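Trainee: Please take me closely through the charged pairs in this model. Then show me what lies around them.

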Amino acid sequence: ILSRVLLAKSEVRRALERATHDRGEASARVYAAELAGALAQRRDDLVGAKVDAGWDEPSFSYVIVLRDDLTVAAKRLAHVHRGTAEEAISAHTSRGFGPAFSWGDDVAFTRPVTAVVTGAGGERDERNVGYVLLGLSAAPLNERIADVRNAIVLLLLGGGVVLGGLVHLFV
C-alpha cells in the first residue's frame with residue numbers, strides 16, 4: 001500500500017510540474033503574440049501596458065521584455081521576487097535563451113517575439129523583434145505538493161487508526 005501511495009505522490013508531482021510548465025509556455029506564447037506589433041514599432045509604452053494587463057501576481061515572479069538589441073523594453077517583478085531584472089536576464093542569456101529551465105525558486109521561460117515588418121523596398125519579412133522572459137513562481141507548486149503529501153499522511157493515519165480499532169475490537 002505504501003508503495004502505491006508513494007507512486008501516486010510522484011505521479012501527482014509530475015502532473016503538477018507538467019501543468020506548471022504548460023502554463024508558463026502558454027503565458028510566454030500569449031505575451032509574445034500580443035507584444036509583436038508594439039515591439040516592432042518600438043512602442044515601449046504599449047509594451048509596458050500589455051505586460052501590466054497580462055500580469056498574474058500570485059503566479060508570476062517576473063516578466064521582462066527585451067528588444068531585438070537585448071535592451072529592456074518593459075519589465076515587471078513580483079514584490080516577493082528576490083532577484084533583480086538584471087539577474088533574470090543574465091540567467092536567460094547564459095542559457096542561450098533556452099525555452100524553459102529552473103532558476104532558483106522559479107521556472108523560467110523564454111519566447112522569441114517575431115513580427116512581420118515591411119522593408120524600405122516594400123517587401124514584407126518576418127523577423128525577431130525581441131524576447132519575452134517570464135518566471136513562474138514554484139511556490140504554488142510546492143504548496144500543492146505539500147497539500148497532497150498531507151492528505152496522503154492523513155489517509156494513512158486514518159487507515160491505521162481504523163485498522164487498530166478493528167484489531168482491538170476483534171482480539
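**Salt bridges and their surroundings**

Mentor: The model holds 9 salt bridges. Keep in mind that it is a predicted model. A pair counts when a side-chain nitrogen of Lys or Arg lies within 4 Å of a carboxyl oxygen of Asp or Glu.

Start with aspartate 56 and arginine 23. Their closest N and O atoms are 2.4 Å apart. Now find them along the chain. Aspartate 56 sits in the loop between helix H2 (44–54) and E1, while arginine 23 belongs to helix H1 (residues 2–40). The two are 33 residues apart, so this bridge links distant parts of the chain. Arginine 23 has 34% relative accessibility, so it counts as partly exposed.

Next, look at arginine 67 and aspartate 44. Their side chains meet in a salt bridge, 2.3 Å from N to O. Again, distant parts are linked: arginine 67 is in strand E1, aspartate 44 is in helix H2, and 23 residues separate them. Is arginine 67 buried or exposed? Its relative accessibility is 13%, so it counts as buried. Remember the cut-off: buried means under 20%. Aspartate 44, at 27%, is partly exposed.

A third bridge joins arginine 82 to aspartate 105, with 2.4 Å between the closest N and O atoms. This one runs from loop to loop. Arginine 82 is in the loop between E2 and H3, aspartate 105 in the loop between E3 and E4, 23 residues apart. Arginine 82 is exposed, with a relative accessible area of 74%. Aspartate 105 is partly exposed, at 45%.

Salt bridges can also join up. Arg42, Asp68, Asp69 and Arg127 form a network of them. Stay with arginine 42 for a moment. You will find this residue in the loop between H1 and H2. Arginine 42 is partly exposed, with a relative accessible area of 46%. Its backbone deserves a look too. Most residues other than glycine have a negative phi. Arginine 42 is not a glycine, yet its phi is positive, about 60°.

Now turn to the rings. The whole structure contains 4 aromatic pairs. One of them is tyrosine 62 with tryptophan 103: the ring centres are 6.0 Å apart and the planes stand at 80°, so the pair is edge-to-face. Tyrosine 62 lies in strand E1 and tryptophan 103 in strand E3, so the pair ties together parts 41 residues apart in sequence. Both of these residues are buried.

Compare phenylalanine 97 and tyrosine 131. This aromatic pair is stacked, with 4.3 Å centre to centre and 10° between the planes. Phenylalanine 97 is in the loop between H3 and E3, and tyrosine 131 is in strand E5. The two are 34 residues apart, so here too distant parts of the chain are linked. Tyrosine 131 is buried. Phenylalanine 97 has 19% relative accessibility, so it also counts as buried. Like arginine 42, phenylalanine 97 has a positive phi without being a glycine. Its value is about 55°. Three more rings, those of Tyr31, Trp55 and Phe60, are linked by ring pairs into a cluster.

Step back along the chain from phenylalanine 97. Glycine 96, just after H3, takes a positive phi of about 65°. Then comes H3 itself, residues 85–94. Which of its residues are buried? They are Ala85, Ala88, Ile89, Ala91 and His92. Why do they share one side of H3? They cover an arc of only 160° around the axis, which puts them on the same side. The spacing fits the general rule. An α-helix has 3.6 residues a turn, so residues three or four places apart point the same way. On the other side of H3, Glu86 and Ser94 are exposed.

What do the buried residues of H3 pack against? They pack against strands: E1 (60–67), E2 (72–77), E3 (100–103), E4 (106–118) and E5 (124–137). Several of these strands have already come up. E1 carries arginine 67, E3 carries tryptophan 103, and E5 carries tyrosine 131.

Finish at the surface. Val162, Leu166, Leu169 and Phe170 make a nonpolar surface patch of about 450 Å². Valine 162 is in helix H4 (residues 139–170). This valine is exposed, with a relative accessible area of 53%.

Technical notes. Residues are numbered from 1 along each chain as its sequence is written. This is a predicted model: local features need pLDDT of at least 70, side-chain atom pairs count only at pLDDT 80 or more; totals for chains, interfaces and linings use all residues. Side-chain values use heavy atoms; hydrogens and water are left out. Buried means under 20% relative accessible area, exposed over 50%, partly exposed in between (1.4 Å probe, protein chains only). Helices (H or I, at least four residues) and strands (E, at least two) are DSSP runs, numbered from the N terminus. The arc is that of the directions from the helix axis to the C-beta atoms. Contact means heavy atoms within 4.5 Å. Patches are made of residues with over 30% relative accessible area and no salt bridge: like charges are joined within 9 Å, nonpolar side chains (Val, Leu, Ile, Met, Phe, Trp, Tyr) within 5 Å. Accessible areas come from the Shrake-Rupley method with a 1.4 Å probe; for residues, only the protein chains shown count as cover. Rings of Phe, Tyr and Trp (its six-membered ring) pair if their centres lie within 6.5 Å; planes under 30 degrees apart count as stacked, over 60 as edge-to-face and the rest as tilted.
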